[in-house]
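Dear colleague,

I am handing over the structure below, and after it you will find my notes on what was found. Please read them alongside the coordinates.

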Amino acid sequence: MKKTVLSAVLALAAFQASAHDHGAHDTVTTDTQTYHEVQTINDALTIENARAKATIPGVKVSAGYMKITNDTDKPIRIVEANSSIAKHTEFHRMFMRDSQMAMRKVDALEIPAKGSIELKPKDYHLMFMGVKEALEPGQEIKVTLVDDNSKSFDVLLTVMPMTKY
């Protein structure tokens, strides 16, 4: 399973996105250069540069990136992510093992008090598995994040061209 997911991620990175008509889908299309740079979620959390990778036909995985800032005096643990664009959305971390890149699911992300965590390529990221339809540059997707107190909040990610994530 791990080799399959890693192979799919590598295949995704090797190809450019192709055209696909999203006129019948329930997502919003925006200019790829006007993604949501800063989203104030509540008094505690701010999201910056939320974006996802475009996909190519046949590839059912994508990744999401953002910076999450905690403005409170206590750490916040994000324990779940959901999105209607994929069967499963998880937190993953990439790392080097025996001179090779490896990836693992992580159960939670902890945002330190008065600190932040960045989800970025080759590090912590959102992993969309079982993507239901191709993700096109400019498309806007919603991801719901849930903390360990069962509070949920929505983040908007703009799909970026595969070369600009």
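Among contacts between residues at least 6 apart in sequence, what percentage join residues at least 24 apart? In this protein the figure is 69%, where contact means heavy atoms within 4.5 Å.

Before the details, some conventions. This is a predicted model, in which local features need pLDDT of at least 70 and side-chain atom pairs count only at pLDDT 80 or more, while totals for chains, interfaces and linings use all residues. Residues are numbered from 1 along each chain as its sequence is written, and side-chain values use heavy atoms, with hydrogens and water left out.

The secondary structure consists of one helix and 12 strands, where helices (H or I, at least four residues) and strands (E, at least two) are DSSP runs numbered from the N terminus; along the sequence, the helix precedes the strands. Of the 165 residues, 45% count as buried, that is, under 20% relative accessible area, with exposed meaning over 50% and partly exposed in between (1.4 Å probe, protein chains only). The protein exposes about 9000 Å², of which carbon and sulfur atoms supply 48%, by the Shrake-Rupley method with a 1.4 Å probe.

The largest nonpolar core (buried Ala, Val, Leu, Ile, Met, Phe, Trp, Tyr and Cys residues joined through side-chain atoms within 4.5 Å) has 38 residues, and those with the most contacts inside it are M66, I68, L126, F128, L145 and L157. Strand β10 (residues 124-131) gives the most to this core, with five residues. Leaving out residues up to four places away in sequence, I68 touches nine residues, including L45, I47, I111, I117, L119 and L145.

As for strand pairing, which requires that DSSP find at least two bridges between two strands, β12 (residues 152-160) is joined to β3 (residues 45-53) by three bridges in a parallel arrangement, with K53 standing opposite M160. Seven bridges join β12 to β11 (residues 139-147), and these two run antiparallel; V143 has V155 as its bridge partner in β12. In the hairpin of β11 and β12, which has four residues between the strands, S150 takes a positive phi near 65°.

Finally, V79 lies in strand β5 (residues 76-82) and is partly exposed, with a relative accessible area of 33%. Apart from neighbours within four places in sequence, V79 is in contact with F91, D107, A108, V146, D147 and D148. V79 and N149 are 70 residues apart in sequence and 9.3 Å apart in space, C-alpha to C-alpha.

With best regards
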